[in-house]
Amino acid sequence: MATATIEVLPDCLVHKIVSCLSFKEAAKMSILSKTWLQGWMTHQNLELKAQNFNVMKILDKIMERYRDSKIHIEKFEFLKAFSISGFVELFPLIDKWLDIALHNGVKDLAYIDVRSSLYPLPIFTILAAKSLRELVLWGCDLIGGSLSGGLANCYSLRKLSLCDVCLNDNMLQTLLTSCPLIVNFFIEHCTGLQKTELRNLQRVKSVSIKTLRKQCAKIQAPSLEHLLKNWILLSGRI
């Protein structure tokens, strides 16, 4: 009986295998053949890690290829793992990448800055996307979000995670009002908040709140099933 080798697998099977791999794993497999290379170049789950300015240039070429070829993006994750004073000059580049991901139908979007450069993330531009179902934000600034284009409602969003994000009470309420159908909400060590108030979240089932100091929290969530709280005084109706 003939046995299939990795070099002669059907193209459709190669693309199926690649779709189950992470972006980094798919990149390693791209050396096997042109089919594997094509599978990686059209991978729908983008995991971009910026370690220095040179890497940012490479990532920009990747994103431009996705834009020009109109390649669908299922997941977009950007991780900035370096700290430099001039990083603010690259903010327009990140704006560009987010715009490409949104236009290419991204469903799961994550911006993670472990160095907390407080990039002014265009939150309402992101929420205007109709396909978004999960949003993870870490180390960015939401206070400066502009409402010039009007308040966007993201009815598709089901999971929202905020960690080490700069926002105030008004912005949190505006954000939650814009995402009334979220099921999972996670907030940790966000600066600028005086209190955490969750109102009119009719479908939320899981809530996790972690703060650096004791802080009042009010939760109105008739469908709530799981609550994790740390260093807060819980009050209100659950």
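**Close-up views of a predicted model**

**View 1. A side-chain pair at Glu197.** The side chains of Glu197 and Lys195 meet in a polar contact of 3.4 Å. This is a predicted model, and this first view centres on Glu197, which lies in strand S9, spanning residues 196–198. Glu197 counts as buried because its relative accessibility is 15%, under the 20% cut-off for that class. Leaving aside residues up to four places away in sequence, the neighbours that Glu197 touches are Leu172, Gln173, Leu176 and Lys218.

**View 2. Helices H4 and H5 packed together.** Here we look at helix H4 (residues 53–69) and helix H5 (residues 91–103), whose axes lie 10 Å apart and make an angle of about 30°. H4 and H5 are therefore roughly parallel to each other, since angles under 35 degrees fall in that class. Their crossing is left-handed. On the H4 side, the contact is made by Met56, Leu59, Asp60, Met63, Glu64 and Arg67. Helix H5 contributes Leu93, Lys96, Trp97, Ile100 and Ala101. Sorted by character, the residues of this contact comprise seven nonpolar and four charged, with no polar ones.

**View 3. Ser161 and its neighbours.** Our next stop is Ser161, found in strand S7, which covers residues 159–163. Is Ser161 buried or exposed? With a relative accessibility of 11%, Ser161 counts as buried. Its contacts, not counting residues up to four places away in sequence, are with Leu135, Val136, Leu137 and Phe186.

**View 4. Ala128 in a loop.** This view shows Ala128, which sits in the loop that runs between helix H6 (123–127) and strand S5 (134–138). Ala128 has a relative accessible area of 39%, so this residue is partly exposed; that class lies between the 20% and 50% limits. How far apart are the C-alpha atoms of Ala128 and Ser178? They are separated by 9.4 Å, while the two residues are 50 residues apart along the chain.

**View 5. Stepping back to the whole protein.** To place the close-ups in context, the protein has seven helices and eleven strands. The protein has 238 residues, and 44% of them count as buried; Glu197 and Ser161 are both buried residues. Taking the contacts between residues at least 6 apart in sequence, 53% join residues at least 24 apart.

Key. Residues numbered from 1 in each chain as written. Predicted model: local features only at pLDDT ≥ 70, side-chain atom pairs only at ≥ 80, totals over all residues. Heavy atoms only, no water. Helix = DSSP H or I, 4+ residues; strand = E, 2+ residues; numbered from the N terminus. Buried < 20%, exposed > 50% of the residue type's maximum accessible area, 1.4 Å probe, protein only. Axes fitted to C-alpha atoms, helices over the stretch in contact; angles between N-to-C directions. Parallel < 35°, antiparallel > 145°, perpendicular 65-115°, else oblique. Left-handed = near helix turned anticlockwise from the far one by under 90°. Contact = heavy atoms within 4.5 Å. Nonpolar A, V, L, I, M, F, W, Y, C, P; charged D, E, K, R; others polar. Polar contact = N/O pair within 3.5 Å; in protein donor to acceptor, adjacent residues only side chain to side chain.
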